[in-house]
Amino acid sequence: MANGKDVKKVVLAYSGGLDTSVILKWLQVEYGCEVVTFTADLGQGEELEPARRKAERAGIKDIYIEDVREEFVRDFVFPMFRANAVYEGLYLLGTSIARPLIAKRLVEIAKETGADAIAHGATGKGNDQVRFELNAYALNPDIQVIAPWRDWDLNSREKLIAFAEAHQIEVQKDKRGEAPFSVDANLLHTSSEGKVLEDPAVVAPEYVYQRTVDPETAPDKPEIVEIGFERGDAVSINGEKLSPAELLTKLNELGGKHGVGRLDLVENRFVGMKSRGIYETPGGTVLLAAHRGIEQITLDRGAAHLKDELMPRYAELIYNGFWYSPEREMLQAAIDKSQEHVSGTVSVKLYKGSADVIARSSENTIYSEAHVTFEEDMVYDQKDAEGFIKLNALRLKLLARRNMKAK
């Protein structure tokens with residue numbers, strides 16, 4: 001925790017909700033400091049102007065509300081998808097990949113405004129406190145961080161509301177009751193955790209899902225989507241060139257309509273405990289399938305297999321908050337090198353919760369129909385396989401003979 005005597009100005013990651021509104025006032029009361037608010041539009045689908053008005057009513061002079069959707073997808077989501085990054089085999093890292101961008105802007109705004117510290121609303125039980133702070137320290141080792149949930153005694157909904165009312169902080173009537181679950185959302189995904197979802201033995205209620213229809217009630221007719229790639233990044237849908245954020249928005253719409261991208265996961269948090277989350281990543285699920293599809297015909301076997309070996313480590317670094325670490329940057333350089341020829345088009349069929357690659361083509365393909373045909377060809381001598389097998393079998397034969405003697 002920062003030393004209150006040293007903090008004269010702090011930049012707060014601010015959503016305008018109850019928690020961060022209370023944090024804003026708590027910083028003013030406990031630290032007696034000036035607060036700068038930063039609200040990022042990451043594509044969460046919420047109106048952000050109310051956050052500005054609430055900050056103004058709280059007496060905030062420096063209010064930063066920024067549309068960072070294009071930067072988010074271009075500089076964070078797309079590099080991650082070049083790696084086909086998946087945490088623990090299933091999670092597409094939607095929350096994790098947003099944190100380094102928020103941390104970067106907090107640090108930059110602190111420098112711009114002469115602030116001594118940054119503050120966030122992550123709790124002391126979760127991963128986000130680690131992600132915000134590790135990424136911030138990687139960019140400014142001298143930055144001070146204030147994490148109210150690790151310091152204050154406002155550890156219940158009732159105490160938060162009482163504090164809000166005592167300091168004339170508006171609490172909407174529909175916010176007074178305890179929310180049935182907690183939601184984090186951005187252009188890549190929605191994440192729902194807590195309360196009604198805490199028991200992993202209980203089926204998640206349908207009302208938890210916000211971005212996807214129930215696959216059982218999705219359209220009975222499949223939809224074919226053609227995605228174009230250049231150097232590993234998606235650039236078009238059905239022949240139409242789109243910006244990164246526009247493209248992911250469109251894939252979310254298409255995937256969500258067909259119930260694609262639902263995940264019920266019990267994951268291992270970096271802080272040591274397990275947690276159950278409901279994730280919806282419709283566009284990302286389609287994008288991952290398509291990217292793997294184009295790599296199938298443009299990546300050499302050695303490069304493809306090495307990428308798959310590196311991917312779990314890369315995904316873990318992002319999940320744990322090490323986006324700005326040298327090891328993630330080293331892995332990114334290798335991954336980006338592998339994408340130099342990953343260009344072409346992929347057709348994906350969306351149907352009842354599935355996203356299946358059904359066709360792929362590229363001018364850079366290394367797929368050779370002449371070599372794999374079952375018909376007569378003029379490029380491959382099948383007799384060559386005999387020597388190949390004998391050489392690979394040699395050590396196995398020697399081991400087998402030794403083992404037979406040992407018996």
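A salt bridge is a side-chain nitrogen of Lys or Arg within 4 Å of a carboxyl oxygen of Asp or Glu. By this criterion the structure, a predicted model, holds 29 salt bridges. The legends below describe selected close-up views.

**Figure 1. Salt bridge between Glu206 and Arg262.** The closest N and O atoms of Glu206 and Arg262 are 2.7 Å apart. Glu206 lies in the loop between β7 (190-193) and β8 (223-230), whereas Arg262 belongs to strand β11 (residues 262-268), so the pair ties together parts that are 56 residues apart in sequence. Glu206 is partly exposed, with a relative accessible area of 41%. Arg262 also counts as partly exposed, at 24% relative accessibility.

**Figure 2. Surroundings of Glu280, a buried residue without a salt bridge.** Glu280 is placed in strand β12 (residues 274-280). The nearest side chain of opposite charge is that of Arg262, 4.8 Å away. Because a salt bridge requires the nitrogen and the carboxyl oxygen to be within 4 Å, the separation of 4.8 Å between Glu280 and Arg262 leaves Glu280 without one. The side chain of Glu280 does make polar contacts: one joins it to the side chain of Thr190 at 3.0 Å, and another to the side chain of Thr212 at 2.7 Å. Leaving aside neighbours within four places in sequence, the residues in contact with Glu280 are Leu188, His189, Thr190, Val208, Tyr209, Gln210, Arg211, Thr212 and Gly261.

**Figure 3. Salt bridge between Glu386 and Lys390 in helix α12.** The closest N and O atoms of Glu386 and Lys390 are 3.3 Å apart. Both residues lie in helix α12, with a spacing of four residues, about one turn of the helix. Glu386 is partly exposed, its relative accessible area being 49%. Lys390, with a relative accessible area of 52%, is exposed.

**Figure 4. Network of salt bridges that includes Arg105 and Glu112.** Salt bridges that share partners join Glu66, Glu71, Lys104, Arg105, Glu108 and Glu112 into one network. Within this view, the side chains of Glu112 and Arg105 meet in a salt bridge with an N to O distance of 3.6 Å. Arg105 counts as buried, at 10% relative accessibility.

**Figure 5. Nonpolar surface patch made by Met378, Val379 and Tyr380.** The patch formed by these residues has an area of about 360 Å². Met378 is found in the loop between α11 (369-372) and α12 (384-406). At 78% relative accessibility, Met378 counts as exposed.

**Figure 6. Environment of Val35 in strand β2.** The strand that holds Val35 comprises residues 34-41. Val35 counts as buried, at 2% relative accessibility. Not counting residues up to four places away in sequence, Val35 touches Val10, Leu12, Leu24, Leu27, Gln28 and Ile60. Val35 and Leu399 are 364 residues apart in sequence, and their C-alpha atoms are 71 Å apart in space.

Terms used:
Residues numbered from 1 in each chain as written. Predicted model: local features only at pLDDT ≥ 70, side-chain atom pairs only at ≥ 80, totals over all residues. Heavy atoms only, no water. Helix = DSSP H or I, 4+ residues; strand = E, 2+ residues; numbered from the N terminus. Buried < 20%, exposed > 50% of the residue type's maximum accessible area, 1.4 Å probe, protein only. Lys, Arg positive; Asp, Glu negative; His and termini not counted. Polar contact = N/O pair within 3.5 Å; in protein donor to acceptor, adjacent residues only side chain to side chain. Contact = heavy atoms within 4.5 Å. Patch = residues over 30% accessible without salt bridge, like charges linked within 9 Å, V, L, I, M, F, W, Y side chains within 5 Å. Areas by Shrake-Rupley, 256 points an atom, 1.4 Å probe, with all protein chains shown as cover.
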